[in-house]
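Please consider the model below with its sequence alongside. The account begins at the start of one helix and then widens to the pocket and the overall fold.

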Amino acid sequence: MTKTEGQTFRIMDLANPTRFLALLDKIMLPLAILTIIILGIGLYMALVVSPDDYQQGATVKIMYIHVPAAWLAMFAYTMMTIAAFGTLVWKHPLADVSAKAAAPLGAAFTFVCLTTGSFWGKPMWGTWWVWDARLTSMLILLIIYLGLMALWRAIEDPIRAGKSVAILTLVGFVIIPIIKFSVDWWSTLHQPASVFTLEGPKMANSMLVPLLVMAVAFTLLFTLLHFKAMKNEILRRRIRSMQMQAARRVASGNRATASQTATPAASHSAPQQ
């Protein structure tokens with residue numbers, strides 16, 4: 001076996017829930033430590049090192065929470081869309097586990113984005129909320145997340161629930177490009193993209209670097225929480241499977257006991273020759 005084949009084999013092994021859990025046990029603590037370190041550095045750079053804006057003042061520092069939360073809200077849904085293909089097309093055993101674990105996290109980041117956007121918009125726009133294209137599409141994304149979470153809880157069988165959620169996830173993905181390009185397609189109060197543009201970043205490095213560090217920190221935090229949620233979901237399904245097996249054994253034992261009890265009774269009631 002070549003080195004490449006061996007690496008491919010080990011990657012495919014992660015489809016096994018037991019081996020995936022074993023990997024998580026090894027990486028969760030280092031990942032948590034790294035997340036805390038990067039998040040601490042990012043907060044220090046954003047709150048202390050980064051200067052105030054000449055127009056917005058200290059209010060601009062909300063950006064360091066608002067923008068990464070918006071990115072992670074869309075990233076989580078994009079990952080769920082990939083997982084939906086994994087469920088419907090490739091039948092990957094962990095695809096629906098990943099999607100179910102990501103949905104509450106995506107909803108949380110979307111809520112943080114909307115909340116911090118309101119705090120940022122109040123002094124800039126003079127109101128907490130406007131039916132702006134970007135804000136409205138983000139609100140729709142939050143509603144989609146909540147709908148997917150409700151569908152997961154409405155269907156008891158995780159296999160059937162995973163397939164139903166995967167279909168709805170693929171349908172709902174249309175909101176992601178709408179969010180991305182809403183500031184370009186419609187007249188909106190929301191500022192256009194200033195980090196990832198064809199001309200390059202339109203921000204000063206004193207603000208861009210802390211923003212990117214916070215984005216990395218948020219991504220690590222999402223990854224940490226996502227892995228933890230996946231682990232909990234795998235264990236929850238194992239417990240459910242054991243409970244169902246125990247229930248079947250009890251039901252089978254009851255049927256066997258009833259059959260043994262009925263047989264002697266039938267023989268005593270038979271007429272004598």
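**Helix α5 and its surroundings**

At the start of α5, the backbone nitrogen of Arg134 has a side-chain oxygen of Asp132 within 2.9 Å. The model is predicted, so local features need pLDDT of at least 70 and side-chain atom pairs count only at pLDDT 80 or more, while totals for chains, interfaces and linings use all residues. Residues are numbered from 1 along each chain as its sequence is written, and side-chain values use heavy atoms, with hydrogens and water left out.

Helices here are DSSP runs of H or I with at least four residues, numbered from the N terminus. Helix α5 covers residues 133-154; its 22 residues should span 32 Å at 1.5 Å a residue (multiplied by one less than the number of residues), and this agrees with the 31 Å between its end C-alpha atoms. The buried residues of α5 (under 20% relative accessible area, 1.4 Å probe, protein chains only) include Arg134, Leu135, Tyr145 and Trp152.

Arg134 also appears at the largest pocket: with Val67, His190, Gln191 and Pro192, Arg134 is among the closest to the pocket centre of the 35 lining residues. A pocket is an open set of points on a 1 Å grid over the protein atoms alone, where a 1.4 Å probe fits, with protein on both sides within 12 Å along at least five of seven lines; lining residues have an atom within 4 Å of a point. Helix α4 supplies the largest share of this lining, eight residues.

Across the protein, there are eight helices and zero strands (strands being E runs of at least two).

Notes
Buried < 20%, exposed > 50% of the residue type's maximum accessible area, 1.4 Å probe, protein only. Polar contact = N/O pair within 3.5 Å; in protein donor to acceptor, adjacent residues only side chain to side chain.
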